Every structure is written in structure tokens, then in C-alpha cells.
Amino acid sequence: MWSRRLKQAAVRKLVGGPALRHLERIGWNPVRHPDLGSGRMERVSEIDGMGTERATCVLAPNPSMMTLDGTNTWIIAEPGADRVVVVDPGPKDDVHLKRVLAQVAARDQRVGTVLLSHRHPDHSEGAGRFAELAGGVPVRAMDPAHRLGDEGLAEGDVITTGGLELRVMEIPGHTDDSVAFWLPADGAVFTGDTVLGYGSTVLDGSLGDYLATLDRLRAFAEERAVATLLPGHGPRLDDPIAVLDQYIGHRRERLAQVEAAVATGARTAREVVEIVYADVDPKLWPAAEWSVQAQLDYLARRG
Ligand SMILES: [Zn+2]
């Protein structure tokens, strides 16, 4: 067994000082990941195997700053069904993909359909290989480039594999092809990377879309009394409205800070970062510039 201090030293060596501070800031505790020590760590055992009556998470072994503890692959099935849906097979890692298949087989089930929450490789890269290992099943995605078979995913689609009812919601913002899956029987929404188990997501789509998506999910959670959010990374969230309020508050706060910096005369993303992120290590400024630019674009379009 490694001591906590030794593990931390190893992590510092692996990811470096500034990156580690960033991980600590977003709440990721790499010291607990099994790849970095012996035994099963607390957070990983909390995530791997979690779920609802119909959904089970299989955690992929790809932890990083962007993927937190790793990608959550979801196996979803109606009780007693012979076929399951798999959401986000994850990275192209045969050990992980075969582990997912073994869990399905252990339940005397087989894979009927693969769905992708969005195009990012930590969710989609292994989909083709997984579909092949599963005996040539279709992969449905909003982005045609990631489909296998004729069917895509669009707002209002209902996936009925094995008697399931899984409803597709288009939720652009994290990416323009992000979708959520609503599982009414369990009161659960699969959120992909739009809402994460902890920390906040990096936007690869438009901030305007993302803000509208958060408002929509907030209203949906209230209207349908959503019980749990099942994210693409990190643990499940059993207080959806509080989490969504936090996400909306965080984005609005940042936007107000950027607006205030612009009001004092900052013009470029860099100038805004120097004001808004004055208390943050300058090594993180280039990353912050990206997100500030998205906010400036949003403010310019909003007028
Ligand atoms: Zn991801």
C-alpha cells in the first residue's frame, strides 16, 4: 500500500504542479484513482456500478483533467428484457469495451443499440469497435459521421430497445451535437458532458446555446420532477434543480465579471482575463482566454 504522501508525490510528478492545482480546484482527487495506487479508491467505487433500477455505470479507465475519473459508459435495460442500450462506449480500449460486454452477458442480455451523447472521442472513439464486438449492432448519434447504420438521433426520438422508453432531447452548448436521454421510468436524465458530476464543463459549442440548454433542463427537471442526473463523468446527481441552479449561477456570475471588465475598458480576451483571473496562476490564463472569448462573442451577439 502506498502512503497518501507518496501517492501525491507520484501524481505531482505525473501531472505537474499547475495542472494538479487546477485538478484540486475543480475537485478532482487523482490520489483516489486506482491507476495511481493499490486497492479500489473511494470515488471510483462510488462511480463504477452506480445507477438506477434500469441504468448501470461502467467506468472507463481514462482519468484526466478533462474526463475527471474517466468516462461513464451506461448500460440501460428494462427489467427482464433480453436486449440493452449502451450509451457512450467510451475510449477505444478493448479491456473496457469487453468489460461492458461481459456485464451485459452476465445478465443474460445482449446489446441492441449503442447511443452517443456527443461526438467527443472520450465518449465515441470506441463505439465502432464496441458495435463490432457486440455482433454488429447500430450506433445512433446526432452527428452523421459517428453513426453506424441508418438511424441518427434527434429531438423527440424515442428509443424502445427491449421495451425501454428513452426520449432524446437536443441540448446544444457543450458541443452542437450534444443530446440528453430522458428515462421516465427511473426519473433520470443522462446529461453527457453538459452537466458533470462535479466541476464545470468546458464549452466546445456556443455559450448562448449552452445557457438556453441549462434553462431548458432546469424547467424540465421541475416539470417532470426529475430525480437524478446521470452524467458523462463523475458521480450521479440526486438534486437536479440545485445542481442546475448552481450551473446557471456560475455561468451568469462569470458573464457579469466579463461584462464588468469590458465596462472598465478591457477589449481583448487577454485584457479581460488579466482582470477577471487576476488571482489565478497566469499559467492557466491561456485556457481562460478561450472561455472568455466565447463570453465576449456571446455578449457581442446579444448586443
Ligand atoms: Zn467527456
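1. The packing of two helices near the end of the numbering is a convenient place to begin: helix α8 (residues 240-263) and helix α10 (residues 285-302) pack at an angle of about 75°, with their axes 10 Å apart. Here axes are lines fitted to C-alpha atoms, for helices over the stretch in contact, and angles run from 0 to 180 degrees between N-to-C directions. The angle makes α8 roughly perpendicular to α10, given that 65 to 115 degrees counts as roughly perpendicular, under 35 as roughly parallel, over 145 as roughly antiparallel and the rest as oblique. In this packing R254, L255, V258 and E259 of α8 meet V292, Q295, L296 and L299 of α10, and the residues of the contact divide into five nonpolar, one polar and two charged. In that division Ala, Val, Leu, Ile, Met, Phe, Trp, Tyr, Cys and Pro count as nonpolar, Asp, Glu, Lys and Arg as charged, and the others, Gly among them, as polar.

2. The model is a predicted one, in which local features need pLDDT of at least 70 and side-chain atom pairs count only at pLDDT 80 or more, while totals for chains, interfaces and linings use all residues. Residues are numbered from 1 along each chain as its sequence is written. The mean pLDDT of the chain (the predictor's confidence in each residue, from 0 to 100) is 87, and 86% of the residues reach 70 or more. Over residues 1-40, however, the pLDDT is below 50, and this stretch has 53 contacts in the model beyond near neighbours in sequence; two residues are in contact if their C-beta atoms, placed from the backbone, lie within 7 Å.

3. As to the chain overall, its secondary structure comes to 10 helices and 10 strands, where helices (H or I, at least four residues) and strands (E, at least two) are DSSP runs, numbered from the N terminus. Of the 303 residues, 40% count as buried; a residue is buried if 20 or more other C-beta atoms lie within 10 Å of its own, exposed if 12 or fewer, and partly exposed in between, with C-beta atoms placed from the backbone. Among the contacts with a separation of 6 or more, residues 24 or more positions apart account for 57%.

4. The largest nonpolar core has 61 residues, and those with the most contacts inside it are W74, I75, I76, V85, V86, V114 and F181. Such a core is a set of buried Ala, Val, Leu, Ile, Met, Phe, Trp, Tyr and Cys residues joined through C-beta atoms within 7 Å. Helix α7 (residues 207-223) gives the most to this core, with five residues. A second, separate core of seven residues includes V258, A261, V273 and L296, and two of these names, V258 and L296, also appear in the contact of α8 with α10.

5. Strand β3 deserves a look beside F181, whose contacts, leaving aside neighbours within four places in sequence, are V87, L115, L166, R167, V168 and F190. V87 is placed in strand β3 and counts as buried, with 26 C-beta neighbours inside 10 Å. With the same kind of neighbours left aside, V87 is in contact with W74, I76, L115, S117, F181 and F190. The C-alpha atoms of V87 and S117, 30 residues apart along the chain, are separated by 7.1 Å.

6. The loop between β3 (83-87) and α4 (94-106) holds D88, which is buried with 26 other C-beta atoms within 10 Å and has a phi near 55°, a positive value in a residue other than glycine. Most residues other than glycine have a negative phi. G90 has its place in the loop between β3 and α4 as well, and is buried with 29 other C-beta atoms within 10 Å. Leaving aside neighbours within four places in sequence, G90 is in contact with A60, N62, T71, T73, H96, D122, H123 and G126.

7. Another loop, between β7 (166-170) and β8 (179-183), contains G173, which counts as buried with 23 C-beta neighbours inside 10 Å. Its contacts, apart from neighbours within four places in sequence, are S178, T194, L203, G205, S206, D209, Y210 and T213. The C-alpha atoms of G173 and T213 are separated by 6.9 Å, although the two are 40 residues apart along the chain.

8. A225 should be checked too, since this residue has a positive phi of about 50° although it is not a glycine. A225 lies in the loop between α7 and β10 (228-231) and counts as exposed, with 9 C-beta neighbours inside 10 Å.
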